[in-house]
2 protein chains.
Amino acid sequence: MQQSGLKTPARIPSDPVQRVWVALGRVSQSVQCEVETALKDAGFPELSWYTVLWELERAGTPTRPKDLAIPLFILPYQLSRLVDRMEKEGLVRKIACKEDKRGHLLEPTAKGYALRKAMWAIYAPAMDEALKRVNDKEALELARLLNKLGGIEHVDCADKG
Amino acid sequence: MQQSGLKTPARIPSDPVQRVWVALGRVSQSVQCEVETALKDAGFPELSWYTVLWELERAGTPTRPKDLAIPLFILPYQLSRLVDRMEKEGLVRKIACKEDKRGHLLEPTAKGYALRKAMWAIYAPAMDEALKRVNDKEALELARLLNKLGGIEHVDCADKG
DNA sequence: ATCACTTTGTTGCAAATGCAACATAGGAGA
DNA sequence: TCTCCTATGTTGCATTTGCAACAAAGTGAT
């Protein structure tokens with residue numbers, strides 16, 4: 001009867017766990033900010049716009065908001081307004097959805113394709129620069145540990161030019 | 001004369017680097033969100049409030065905004081308004097600064113101390129829960145690699161109850 | 001003292017965000 | 001069919017944010 005029972009006791013994070021927490025917060029913010037700044041300085045919109053365009057291209061076919069929201073890890077109302085803004089800029093097009101009249105299908109416009117490609121020309125080197133302090137071997141190990149931390153078994157690379 | 005010269009060529013990130021980028025973005029967002037949600041569900045304000053209070057406690061003495069802004073990695077105008085809101089809630093106090101009449105010194109109130117302590121009771125187990133998928137050995141290695149990625153040589157643990 | 005320049009912090013305004021309420025379609029069972 | 005429940009998006013409103021402009025104090029040179 002040392003343990004109170006079934007409930008996991010509320011634990012204080014060990015020192016190594018606290019170190020991960022601090023490092024993860026600082027480093028992710030730092031590299032994220034570095035890349036976002038590079039895009040902004042080049043006159044481009046923020047990374048989330050790129051990601052929407054890229055996911056739509058990857059899908060290869062007009063896609064419903066809900067099917068974007070999951071991989072983007074974004075709330076429905078956030079995506080709703082993000083898409084509105086992108087549509088206003090002529091980057092995506094809404095197509096009526098026959099099967100389900102609630103939603104619509106999203107597709108990049110020619111301008112959308114062009115923008116994503118142009119952004120990649122800044123995004124790619126900025127990413128490389130922000131992450132240059134680890135070599136490929138360390139990068140693989142880091143990615144493995146991060147994915148384990150996040151409960152992700154195996155992922156194909158989701159970013160590509 | 002194979003190389004064009006001094007300038008580093010704009011590189012496409014290698015596959016391992018892209019994997020780190022994706023994993024870092026996803027996992028940091030995921031665990032961050034998990035902890036923030038735990039705090040919100042418990043009726044507490046967001047993590048940045050905790051961090052301000054904690055940095056003020058750590059300093060052990062009334063501290064100027066600019067000396068907080070650096071460790072917090074936050075813009076001056078962001079801190080300015082964050083402190084305003086916290087002051088309105090009676091969590092921090094502004095003290096006139098004799099040496100430099102531009103600024104002021106910040107100090108937690110009794111209510112501020114109490115709130116930080118109460119938040120830690122939620123924060124700590126939430127952090128532990130969010131990071132439970134790696135053991136201490138992996139956590140140390142992960143922290144080491146993250147700090148290397150961020151160009152941080154060695155850090156003492158900045159979060160504590 | 002005066003001038004220019006830097007440091008430190010704030011603020012007006014437009015844009016973006018979070019939340020909760022809403023709208024509407026789909027689906028399952030009576 | 002009708003009703004109820006769920007799924008999918010959107011929107012009104014208050015709060016928060018980003019940016020650029022501003023303000024005021026310190027610093028240093030002449």
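This is a short tour of two protein chains and the two DNA strands beside them.

Before you click, note that the model is predicted: local features need pLDDT of at least 70, side-chain atom pairs count only at pLDDT 80 or more, and totals for chains, interfaces and linings use all residues. Residues are numbered from 1 along each chain as its sequence is written, while chains are lettered from A and ligands numbered from 1 in the order in which they are written.

**Stop 1: the two chains together**

Select chains A and B. A turn of 180° and a shift of 0.0 Å along the axis lay chain B on chain A with an RMSD of 0.0 Å (superposed by least squares on the C-alpha atoms of residues with pLDDT of at least 70 in both). This is the relation of a two-fold axis. Both copies use the same surface, with 100% of the contact residues of chain B recurring in chain A.

**Stop 2: where the chains touch**

Now colour the contact residues (C-beta atoms, placed from the backbone, within 7 Å). You will find 48 residues of chain B in contact with 48 residues of chain A. Which element gives the largest share of chain B's side? That is H1(B), with 16 residues. Helix H1 (15–41), helix H5 (110–130) and helix H6 (136–149) of chain B are the elements giving two or more residues there; helices are DSSP runs (H or I, at least four residues), numbered from the N terminus. This side of chain B has 28 nonpolar, nine polar and 11 charged residues. Here Ala, Val, Leu, Ile, Met, Phe, Trp, Tyr, Cys and Pro count as nonpolar, Asp, Glu, Lys and Arg as charged, and the others, Gly among them, as polar.

**Stop 3: DNA strand C**

Select strand C and the 17 residues around it (near is a C-beta atom, placed from the backbone, within 6 Å). A:Lys101, B:Lys66, B:Tyr77, B:Ser80 and B:Gly103 come nearest. Helix H4 (76–88) of chain A, plus helix H3 (65–72) and helix H4 (76–88) of chain B, are the elements that give two or more residues to this surface. It divides into four nonpolar, three polar and 10 charged residues.

**Stop 4: DNA strand D**

Move on to strand D, where A:Arg64, A:Lys66, A:Tyr77, A:Ser80 and A:Gly103 come nearest of 17 residues. Helix H3 (65–72) and H4 of chain A, and H4 of chain B, each supply at least two residues of this surface.

**Stop 5: a helix pair in chain A**

Finally, show A:Thr51, A:Val52 and A:Glu55 in H2(A), which meet A:Leu68, A:Pro71 and A:Leu72 in H3(A). By class, this contact has four nonpolar, one polar and one charged residues.

Key: Contact = placed C-beta atoms within 7 Å.
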